[in-house]
Amino acid sequence: MTTEKIDTQAINTIRTLSIDAVEQAHSGHPGAPMALAPVAYQLWQQELRYDPAQPQWPDRDRFILSNGHASMLLYSLLHLAGIKRLDEQERVTDVPAVSLEDIKKFRQLDSATPGHPEYHWTTGVETTTGPLGQGVANSVGMAIASRWLAGHFNKPGFELFTHDVYAICGDGDMMEGVASEAASLAGHLQLPNLCWIYDSNHISIDGSTDLAFTEDVGRRFEGYGWRVIQVTDANDLDALSKAYSTFKQQRGKPTLIVVNSHIGYGAPKKQGLASAHGEPLGAEEIKGTKRFYGWPEDAQFLVPDGVKERFQERMGARGKQLREAWEKSLAGYRQQHPELAHELDRMLKRELPDGWDKELPVFPADAKGMATRESGGKVLNALAKNYPWLVGGSADLNPSTKTYLSASTSMKPGEHAGRNIHFGVREHAMGSIVNGLNLSKVRAYGATFLIFSDYERPAMRLSSLMEIPSIHIFTHDSIGLGEDGPTHQPVEQLVSLRAIPGNIVIRPGDANEVTEAWRYIAQQQHHPVVLVLSRQPVPTLDRTKFAPASGLSQGAYILQEAEGGKPDVILIGTGTEVALVIEAAEKLKAEGVKARVVSMPSWELFEQQPAEYQERVLPAALTARVAVEKGAAFGWERWVGHIGSVVGMRSFGASAPIKALQQKFGFTVENVVKEAHATIAKMKKSKA
């Protein structure tokens with residue numbers, strides 16, 4: 001069989017596997033895989049640096065299918081290329097990442113072929129791409145990571161990190177704002193190792209993209225500072241080869257390859273129509289399509305002889321050779337740069353460096369104290385001294401969030417070795433780029449005001465879904481901002497972030513709780529953490545009088561016990577309100593009422609504690625409880641019960657000095673004391 005014929009047969013195998021899987025599932029998107037099969041095939045066979053036998057190779061090229069609804073394109077490639085499955089410890093097994101049986105179970109419960117690609121579920125999937133735009137935005141983080149890793153680890157004679165990042169995307173990705181934000185930053189940074197392949201088929205679910213999307217995407221990207229290459233026919237393998245070669249040979253900026261394709265290519269009645277996008281073709285249309293491909297009409301899930309072998313001859317052989325050369329280079333690197341090699345080993349396992357916590361500060365008691373954003377900056381910088389692969393930045397708010405790493409430089413156009421990333425006013429892309437960095441095993445954080453977490457939320461949800469340890473820092477955490485007013489005063493954000501499964505939200509109450517928060521964050525390997533910090537100062541508690549701040553790791557702890565250990569009421573505070581409940585407890589004590597003060601910086605961490613510990617902190621029999629938090633009261637009923645009370649927000653804030661706001665919304669000692677008396681009375685009445 002000629003080379004041209006086997007390549008055509010391999011491309012049609014990708015197409016027909018996609019068609020058959022969607023048809024059998026009665027659900028899915030066949031049109032894009034039918035159109036993009038030659039585009040992806042030529043990339044994998046010609047350029048992709050990837051060893052199917054070692055899919056965790058650190059310097060592999062990254063391939064992202066951002067239009068994740070076309071997932072059968074990726075699953076077909078993973079199957080035909082013979083990618084090996086990794087186990088939970090990321091060890092290579094003899095099991096295929098995607099078997100033919102997996103393809104037959106497309107979109108079925110617990111299959112390796114879910115409707116959209118999911119990271120850590122299917123080996124070979126580099127990131128979860130469901131919401132459009134997220135995959136390409138992740139790719140910017142991965143490209144930054146590749147360049148940063150090269151700047152940190154590469155030494156003369158040892159080019160350990162040289163990999164490129166490819167992302168296939170569609171019209172939907174290009175319409176999403178997050179893709180525009182990410183592309184703008186990638187162009188500014190002049191990322192030479194980033195290539196987006198844009199499937200321009202002019203079809204969306206509603207019909208022709210002319211209904212809503214008529215811009216010149218190529219010119220837009222040229223404005224961003226990208227190189228733009230046009231391929232007028234997705235089936236032209238020579239043109240695709242030239243485009244990929246141009247990306248590899250002409251560096252200095254990211255590349256967008258615009259490929260014109262026909263959705264549902266080969267379908268006699270549905271090619272080029274919206275009906276080929278998100279529904280099975282149907283039996284008769286499939287027969288006609290297979291006839292067009294020269295395929296046996298009644299064959300299902302057919303993989304002709306020679307197709308898998310063709311992948312091994314080109315992609316497999318090239319990937320093995322490159323990977324083995326890399327491993328040989330790494331062996332020499334270990335001899336000449338043992339400390340850096342040790343760092344690399346730790347980083348790839350998501351382990352911490354030696355002595356990572358040796359400079360974490362302990363803050364002296366201080367009645368005046370400091371804002372937790374201020375102590376947060378001090379702790380972050382102390383941690384960064386001994387955590388070399390901790391990188392990040394803010395969305396144009398470094399002076400406010402205090403998240404600039406003062407001992408390091410900033411990333412600049414063409415210079416990517418700095419640890420400070422200036423994301424600009426691009427919160428949504430920042431969250432996605434942070435995820436891309438963490439997917440590359442670089443530990444990354446992003447920072448902005450809590451109110452703008454709404455912009456970042458889709459990326460935060462995905463970091464939790466993927467179980468990656470992204471760090472999301474939010475300052476200006478309440479109505480305590482004062483005069484900026486309700487547009488900038490977060491209310492519902494805290495509880496909404498707590499609602500994301502697997503997301504750990506921490507709102508520390510003083511400087512030493514901030515230290516303990518970072519101690520916890522640094523050790524996370526599988527959970528994203530949201531760190532919520534204040535603009536206004538809070539006292540640094542005297543820990544000889546109050547319980548150690550290490551109690552933060554348990555989510556909630558008894559900060560100050562009532563006299564005799566038998567409280568009449570429990571006062572619960574988070575963040576800046578911890579100091580308020582302490583004052584209220586003192587007032588109650590003067591009135592003869594015994595109050596236990598509980599600091600509760602993290603609901604999620606408290607939920608993880610044994611029932612015995614939870615009962616010790618919040619005894620079921622003591623139903624007189626008052627929770628105080630400058631956020632939505634919603635959700636606190638879980639911790640205070642139907643008798644307890646919540647001093648929280650039930651409206652938006654207002655523009656005024658902080659003292660006036662605290663008075664207006666009840667965040668005063670007098671009001672907390674009043675609520676304590678009321679709950680005690682309700683408890684007594686319930687027991688009468």
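# Cores, pockets and salt bridges

The lining of the second largest pocket splits into 8 nonpolar, 4 polar and 5 charged residues. The model behind this briefing is predicted. Its largest nonpolar core has 92 residues, and its largest pocket holds about 1300 Å³ of space. A search of the whole structure returns 32 salt bridges.

**Second largest pocket**

- The volume of the second largest pocket is about 340 Å³.
- Its lining comprises 17 residues, and T576, L580, E583, K630 and Q662 lie nearest the centre.
- At least two lining residues come from each of β16 (537-540), α19 (577-590), α23 (658-665) and α24 (669-687).
- Helix α19 is the top contributor to this lining, with 4 residues.

**Largest pocket**

- About 1300 Å³ of space lies in the largest pocket.
- A set of 49 residues lines the largest pocket; Q56, L86, Q89, E90 and K441 lie nearest its centre.
- Two or more lining residues come from each of β2 (84-86), α5, α11 (307-336) and α12 (338-348).
- Helix α11 gives the most to this lining, with 5 residues.
- By residue class, the lining of the largest pocket has 20 nonpolar, 13 polar and 16 charged members.

**Cavities**

- The model has 4 cavities of 30 Å³ or more.
- The largest cavity has a volume of about 80 Å³.
- Its lining consists of M347, R350, E351, L352, Y387, W389, K441, R443, P469, A522 and Q524.
- Of these lining residues, 6 are nonpolar, 1 is polar and 4 are charged.
- K441 appears in the lining of the largest cavity and is also among the residues nearest the centre of the largest pocket.

**Nonpolar cores**

- Nonpolar side chains tend to be buried together in soluble globular proteins.
- In the largest core, of 92 residues, W196 and W518 have the most contacts inside the core.
- Helix α5 (residues 134-153) supplies the largest share of this core, 11 residues.
- Beyond four places in sequence, W518 touches G376, V379, L380, L383, I471, I473 and L531.
- A second, separate core has 55 residues, including I479, L618, F667 and I680.

**Two buried polar residues**

- T679 sits in helix α24.
- T679 counts as buried because its relative accessible area is 1%, under the 20% cut-off.
- Past its neighbours within four places in sequence, T679 contacts V569, A624, R625, V626, I643, G644 and S645.
- The C-alpha atoms of T679 and I643 are separated by 6.3 Å, although the two residues are 36 places apart along the chain.
- N12 belongs to helix α1 (residues 3-25).
- At a relative accessible area of 6%, N12 is buried too.
- Apart from residues up to four places away in sequence, N12 touches Y293 and W295.

**Salt bridges**

- Side chains of opposite charge can pair when their charged atoms come close.
- R323 pairs with D51, and their closest N and O atoms are 2.8 Å apart.
- This pair links distant parts of the chain: R323 is in helix α11, D51 is in the loop between α2 (31-46) and β1 (62-65), and their positions lie 272 residues apart in numbering.
- R323 is buried, at 10% relative accessible area, and D51 is buried as well, at 3%.
- E313 and R310 form a salt bridge at 3.4 Å, N to O.
- Both E313 and R310 are in helix α11, 3 residues apart, about one turn of the helix.
- E313 is exposed, with a relative accessible area of 52%, whereas R310 is buried, at 12%.
- D357 forms a salt bridge with R519, with the closest N and O atoms 3.4 Å apart.
- The D357 and R519 pair also joins distant parts of the chain, 162 residues apart: D357 is in the loop between α12 and β10 (366-371), and R519 is in helix α18 (residues 511-522).
- D357 is partly exposed, at 30% relative accessibility, and R519 is partly exposed, at 25%.
- A network of salt bridges links D477, R498, R507, E577, E629 and K630.
- K630 of this network is also one of the residues nearest the centre of the second largest pocket.

Terms used:
Residues are numbered from 1 along each chain as its sequence is written. This is a predicted model: local features need pLDDT of at least 70, side-chain atom pairs count only at pLDDT 80 or more; totals for chains, interfaces and linings use all residues. Side-chain values use heavy atoms; hydrogens and water are left out. A nonpolar core is a set of buried Ala, Val, Leu, Ile, Met, Phe, Trp, Tyr and Cys residues joined through side-chain atoms within 4.5 Å. Buried means under 20% relative accessible area, exposed over 50%, partly exposed in between (1.4 Å probe, protein chains only). Contact means heavy atoms within 4.5 Å. On a 1 Å grid over the protein atoms alone, a cavity is a set of points where a 1.4 Å probe fits but cannot get out, and a pocket is an open set with protein on both sides within 12 Å along at least five of seven lines; lining residues have an atom within 4 Å of a point. Grid points are joined across faces, edges and corners, and a volume is the space filled by probe spheres set on the points. Ala, Val, Leu, Ile, Met, Phe, Trp, Tyr, Cys and Pro count as nonpolar, Asp, Glu, Lys and Arg as charged, and the others, Gly among them, as polar. A salt bridge is a side-chain nitrogen of Lys or Arg within 4 Å of a carboxyl oxygen of Asp or Glu.
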